Amino acid sequence: MSARLPVFPLGTVLFPGLVLPLHIFEERYKALVRHLVGLPEGAPREFGVVAIQAGWEVAPAGPPGRSGPAGGEVTLHEVGCTAELRQVTELADGGFDIVTVGRRRFRVADVDDSAEPYLTAEVEWLPEPDGPDEVSDLLAARVISVFRQYLGLIRPDQQEITEQLPEDPTVLSHLVAATAALTVADRQRLLAVDDTAGRLRAELRLLNRETALLRQVRAVPVPLSELAGPPAPN
C-alpha cells in the first residue's frame, strides 16, 4: 500500500513513538504546517521525516519570493518515519514551534519537488510486528542489560532512565536506537530493519561495541583534555 506525503528532510532519524520538537522558520515548512493545521477534523496530520544522506537541511537563499526546495539539492535516505503533529505554537515572526511524535515507517518510492513549496514523496508503508514474539522477548532482556551498562558509563543519572525502559520489545528497540549515542548512519540502518528481533540483534552488537570503547576511554590514565592539548613546555 502506498501514499503521498509531505516530506521534511532532517539531519536526524525519527523512530516510531519518539517525540520530535521542531522550530519552523523556513517559508516552505511554514506552508506545510499551515496545510496540516487546515486539514479537516479527524484527518491524519502527519508528514514524513527522512534523514539527509547528502546536502543541506536549510535551503540556500534564492531570489525574493522563491522559498521552495529549488536551489537546495539534498539526497535522502530511502527509509523514513512519519511525524504526527501534536502541538502547534504560532510565533510573532510567523514561524511555528511544533511537537510531533513518530508513527509509522515507510520507504521512499519517488520524490517530487515541484507539486508543493515543500517536498512530497510517494511512499510505501513498511510492515510492523503485530503480535508476541518469543525471540524478541529474549533479545529485549539482553538489550536492557547491556543498555543499562552502557548508560552507566555515559550518564550519572542512568538509574532514573533505566527504571523507565519499556518492556515491549518493539518500543524498546526504537527507544534504544533513538537515545544511544549513535551516528546517523547507524540509526538509519536500525530504522530500516523490518523486524524487531533483527533490530534488537543489531543493537546488541552496537551497544557492545560502544560499551567496549567507553571502557577503553575510561582506562586512559590522564584526562582526555590533556591528550587533546599541545605538549607542555620543557
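A salt bridge is taken here as a side-chain nitrogen of Lys or Arg within 4 Å of a carboxyl oxygen of Asp or Glu. The model is predicted, and a search of the whole structure returns 13 such salt bridges. Among the residues involved, D186, R189, R209 and E210 are joined in a network of salt bridges. This briefing covers that network, two further pairs and a patch of negative charge.

**The network around helix α5**

- The network of salt bridges links D186, R189, R209 and E210.
- Within it, D186 pairs with R189, and their closest N and O atoms are 2.6 Å apart.
- Both D186 and R189 belong to helix α5, which spans residues 184–192.
- The two positions are three residues apart, about one turn of the helix.
- D186 is buried, because its relative accessibility of 6% falls under the 20% cut-off.
- R189 is exposed, with a relative accessible area of 52%, which is over the 50% cut-off.

**A bridge between strands β1 and β7**

- E122 and R4 form a salt bridge in which the closest N and O atoms lie 3.4 Å apart.
- E122 is located in strand β7 (residues 119–125) and R4 in strand β1 (residues 2–10), so this salt bridge ties together parts that are 118 residues apart in sequence.
- E122 is partly exposed, at a relative accessible area of 26%.
- R4 is likewise partly exposed, with a value of 40%.

**The R86 and E84 pair**

- A salt bridge joins the side chains of R86 and E84, with an N to O distance of 2.9 Å.
- R86 is exposed, with a relative accessible area of 54%.
- E84 is partly exposed, and its relative accessible area is 22%.

**Negative charge on the surface**

- A patch of negative charge on the surface brings together D133, E134, D137, D168 and D195.
- Patch residues have no salt bridge, so D168, as a member of this patch, is not part of such a pair.
- D168 sits in the loop between α3 (158–162) and α4 (169–179).
- D168 is partly exposed, at 39% relative accessibility, and this value satisfies the requirement of over 30% for patch residues.

How values were computed. Residues numbered from 1 in each chain as written. Predicted model: local features only at pLDDT ≥ 70, side-chain atom pairs only at ≥ 80, totals over all residues. Heavy atoms only, no water. Helix = DSSP H or I, 4+ residues; strand = E, 2+ residues; numbered from the N terminus. Buried < 20%, exposed > 50% of the residue type's maximum accessible area, 1.4 Å probe, protein only. Patch = residues over 30% accessible without salt bridge, like charges linked within 9 Å, V, L, I, M, F, W, Y side chains within 5 Å. Areas by Shrake-Rupley, 256 points an atom, 1.4 Å probe, with all protein chains shown as cover. Lys, Arg positive; Asp, Glu negative; His and termini not counted. Charge placed at Lys NZ, Arg CZ, Asp CG, Glu CD.
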